[in-house]
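This report describes selected local features of one protein model. The sequence and structure are shown first, and the description follows.

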Amino acid sequence: MAGILLVEDDPSVRTGLELALTRQGHSVTACASGEEALEHIRSRRPEIAILDVMLPGIDGVEVCRRIRRLDQLPVILLTARGDDLDVVVGLEAGADDYVVKPVEPRVLDARIRAVLRRMESVASDRITFGDLVIDRGALKVSLSGREVHLTPTELRLLLELVRHPGQVLNRRYLLRAVWDHTHVADSRLVDACVQRVRAKIEAVPAEPEFIHTVRGFGYRFSPP
């Protein structure tokens, strides 16, 4: 069971998803605006936030940005069908996943459980690549002695790349391994997450030393 914050301004959608997720065993707190969401997170942090992109006042993307400034709370965005720009902007803001509306509750439940699984511990050991140190037991990353704050999804992606040094991992493989997705159209999840990880661990993200793009194939972790 997960403690979920559901933020949706449409009363019928909000009520329907709240009931469906409760039936799946989750503890759901629902609110209708970004302002309410941020206040709730400050007073009682949930395990995961589900944010509609099109919220009145502070929209879902801005709520995600504000969460990311202070917290690595997992975030899933609810987007309107065909709004690719919303998806891309949301992922760049730090969202862990997205679900297209109208939402199928069982799909949303599966995405919630997949995101939360990324927070589980992995095999314990410590790997050093120059100034980059990855502690897989403590689930921490540091660069030049300073901790790098990665979201659970960003950390899972980095760990998956590190498990296969020098190998090219295609987007479909990474979707399955990190997001538990199989739909190739979701490959933008991979690209956006790689960009965010590069921004945090690369000295010059546009000229990466660790995570390299292999055009037409995917990504390769090749430390200098």
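## A loop residue with positive phi

S144 is placed in the loop that joins β8 (140-143) to β9 (146-148). The model is a predicted one. S144 is not a glycine, yet its phi is positive, at about 55 degrees. Most residues other than glycine have a negative phi. With a relative accessibility of 53%, S144 counts as exposed, because the cut-off for that class is over 50%.

A positive phi also appears directly after helix α7, where D180 has a value near 60 degrees.

## D52 and its surroundings

According to the UniProt annotation, which belongs to an unreviewed entry, D52 is covered by the feature "modified residue: 4-aspartylphosphate". Such an annotation may be inferred rather than shown by experiment. In the model, D52 is part of strand β3, which spans residues 48-52. Is D52 buried or exposed? D52 has a relative accessible area of 3% and is therefore buried, the limit for that class being under 20%.

Neighbours within four places in sequence aside, the contacts of D52 are V7, E8, D9, G60, L78 and K101. One of these residues, K101, precedes a cis peptide bond: the bond from K101 to P102 has omega near 0 degrees. Most peptide bonds are trans. P102 itself belongs to the loop between β5 (97-101) and α5 (105-117).

A32 also touches E8 and D9, along with R14, L55 and P56, when residues up to four places away in sequence are not counted. A32 sits in the loop between β2 (27-31) and α2 (34-43), and it is partly exposed, with a relative accessible area of 23%. The C-alpha atom of A32 is separated by 32 Å from that of T182, a residue 150 places away along the chain.

## Helix α6 and its crossing with α8

Helix α6 comprises residues 152-162 and helix α8 residues 187-201; their axes come within 10 Å and cross at roughly 85 degrees. The two helices are therefore roughly perpendicular, a class that covers angles from 65 to 115 degrees. On the α6 side the contact involves T153, E154, L157 and L158, and on the α8 side C193, V194, R196, V197, K200 and I201. Sorted by class, the residues of this contact are six nonpolar, one polar and three charged.

How many of the eleven residues of α6 are buried? Ten are, so α6 is largely enclosed by the rest of the structure. The buried residues are P152, T153, E154, L155, L157, L158, L159, E160, L161 and V162.

## Helix α7 and L174

A side-chain oxygen of N170 reaches to within 3.2 Å of the backbone nitrogen of R172 at the start of α7. Within α7, L174, L175, A177, V178 and W179 are buried. The elements against which the buried residues of α7 pack are β5, α5, α6, β10 (168-170), α8 and β12 (218-221).

L174 lies in helix α7, which covers residues 171-179. L174 is buried, with a relative accessible area of 0%. Its contacts, not counting residues up to four places away in sequence, are L157, E160, L161, L169, W179, V190 and Y219. For one of them, L161, the C-alpha atom is separated from that of L174 by 8.6 Å, the two residues being 13 apart along the chain.

## From α8 to strand β11

P205 is located in the loop between α8 and β11 and is partly exposed, with a relative accessible area of 37%. Neighbours within four places in sequence aside, P205 is in contact with R198 and A199. The separation between the C-alpha atoms of P205 and Q195, which are ten residues apart along the chain, is 7.8 Å.

H212 belongs to strand β11, residues 211-214. A polar atom of the H212 side chain lies 3.0 Å from the backbone oxygen of E209. Apart from residues up to four places away in sequence, H212 touches R198, G218, Y219, R220 and S222. H212 and R198 are 14 residues apart along the chain, and their C-alpha atoms are separated by 9.6 Å. R198 is thus among the contacts of H212 and is also in contact with P205.

Methods. Residues are numbered from 1 along each chain as its sequence is written. This is a predicted model: local features need pLDDT of at least 70, side-chain atom pairs count only at pLDDT 80 or more; totals for chains, interfaces and linings use all residues. Side-chain values use heavy atoms; hydrogens and water are left out. Axes are lines fitted to C-alpha atoms, for helices over the stretch in contact, and angles run from 0 to 180 degrees between N-to-C directions. Helices (H or I, at least four residues) and strands (E, at least two) are DSSP runs, numbered from the N terminus. Angles under 35 degrees count as roughly parallel, over 145 as roughly antiparallel, 65 to 115 as roughly perpendicular and the rest as oblique. Contact means heavy atoms within 4.5 Å. Ala, Val, Leu, Ile, Met, Phe, Trp, Tyr, Cys and Pro count as nonpolar, Asp, Glu, Lys and Arg as charged, and the others, Gly among them, as polar. A polar contact is a pair of N or O atoms within 3.5 Å; within protein, one must be able to donate a hydrogen and the other to accept it, and residues adjacent in sequence count only if both atoms are side-chain atoms. Buried means under 20% relative accessible area, exposed over 50%, partly exposed in between (1.4 Å probe, protein chains only).
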